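Colleague: Please take one side chain and go through its surroundings closely. After that, place it in the rest of the model.

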Amino acid sequence: MKKKIMFPVISLLAGMVLLLTLTWGLKGVAQANAEKTQLQIMQILLPESSTFTLEEYTGDDTNIKSVHKAETGVIVETVVYGYADNIRMMIAVNNDGECVGIMVLEMHETFGLGLKGLRDHEFLSQFFGSSTTMEVGDTIDAISGATVTSKAITKSVNSAIAYVTGADIETGPTEWGE
């Protein structure tokens, strides 16, 4: 009877040790891969930069989650609420305050409508070269059927540009980290 009980107990303990070893052992690998992916995205957005330094953000714009300063500009990570959920983006703004790159990192909008904001080149290209506050219906044409998502993406880009230029849209001036 003892032999029948011991085998499952030993197997369970061995499985738990293996699981803990893999979880803790792979945690560092996952972290390194995430950092490598983030660096690759930033290099795509600001290809003439090679070093990206995380800056402390002390402004009042709650859309801004992190700021990475580079030689030729800044990468601003934003999170805004769209139609269905948060939209997480990285926006590249050059040192002159112009939007030069946009990448949607996470979006859970409606398939076929708001989700078009992830890859709609005509929509996203409207932001490039802009250095002023933009507004859907005025300077930005919304994605058909996805006005809320279009406004959320516009708000993110406006926040990133405002960080560099100091002309914040809603919360007052933010400071360009030196």
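Modeller: The side chains of His-68 and Gln-38 are joined by a polar contact of 3.4 Å. A polar contact here is a pair of N or O atoms within 3.5 Å; within protein, one atom must be able to donate a hydrogen and the other to accept it, and residues adjacent in sequence count only if both atoms are side-chain atoms. This is a predicted model, in which local features need a pLDDT of at least 70 and side-chain atom pairs count only at pLDDT 80 or more, while totals for chains, interfaces and linings use all residues. Residues are numbered from 1 along each chain as its sequence is written, and side-chain values use heavy atoms, with hydrogens and water left out.

The His-68 side chain also makes a polar contact with the side chain of Ser-66, at 3.5 Å. His-68 sits in strand E2; helices (H or I, at least four residues) and strands (E, at least two) are DSSP runs, numbered from the N terminus. His-68 counts as buried because its relative accessible area is 8%, where buried means under 20%, exposed over 50% and partly exposed in between (1.4 Å probe, protein chains only). Leaving out residues up to four places away in sequence, His-68 touches Gln-38, Met-42, Phe-52, Thr-53, Leu-54, Gly-73, Val-74 and Ile-75; contact means heavy atoms within 4.5 Å. Of these partners, Thr-53 is 15 residues from His-68 along the chain, with 5.1 Å between the two C-alpha atoms.

Strand E2 covers residues 64–69 and has the highest confidence in the protein chain, with a mean of 94, whereas H1 has the lowest, at 76. These are pLDDT values, the predictor's confidence in each residue from 0 to 100. Over residues 171–178 the pLDDT is below 50, although this stretch has 21 contacts in the model beyond near neighbours in sequence. Where pLDDT is low, the predicted coordinates should not be read in detail. The chain average is 81, and 84% of the residues score at least 70.

Now the wider setting. The chain has 3 helices and 5 strands, in the order α-β-β-β-β-β-α-α from the N terminus. Of its 178 residues, 37% are buried. Among contacts with a separation of 6 or more, 46% are between residues 24 or more positions apart.

Charged pairs come next. The whole structure holds 2 salt bridges, each being a side-chain nitrogen of Lys or Arg within 4 Å of a carboxyl oxygen of Asp or Glu. Arg-88 and Glu-77 form one of them, at 2.7 Å from N to O. That pair links strand E4 (residues 86–94), which holds Arg-88, to strand E3 (residues 73–81), which holds Glu-77, across 11 residues. Arg-88 also forms a salt bridge with Glu-106, where the closest N and O atoms are 3.5 Å apart. Here the link runs from Arg-88 in E4 to Glu-106 in strand E5 (residues 99–106), 18 residues apart. The shared partner joins Glu-77, Arg-88 and Glu-106 into one network. Glu-77 is buried because its relative accessible area is 12%; Arg-88, at 29%, is partly exposed, and so is Glu-106, at 35%.

Two further polar side chains are worth listing. Thr-154 lies in helix H3 and counts as buried because its relative accessibility is 3%. Its side chain reaches the backbone oxygen of Ser-150 at 2.8 Å. Residues touched by Thr-154, beyond four places in sequence, include Phe-123, Phe-127 and Ile-140. Ser-130 is in the loop between helix H2 (121–125) and helix H3 (147–165), and is buried at 13% relative accessibility. The Ser-130 side chain reaches the backbone oxygen of Thr-132 at 3.4 Å. Outside its neighbours within four places in sequence, Ser-130 contacts Gly-97, Glu-98, Cys-99 and Ile-161.

Last, the surface. The chain exposes about 10,800 Å², of which carbon and sulfur atoms supply 58%; accessible areas come from the Shrake-Rupley method with a 1.4 Å probe, and for residues only the protein chains shown count as cover. Val-9, Leu-12, Leu-13 and Met-16 form a nonpolar surface patch with about 380 Å² of accessible area together. Patches are made of residues with over 30% relative accessible area and no salt bridge, joining like charges within 9 Å and nonpolar side chains (Val, Leu, Ile, Met, Phe, Trp, Tyr) within 5 Å. Val-9 is in helix H1 (residues 2–45) and counts as partly exposed because its relative accessibility is 40%.
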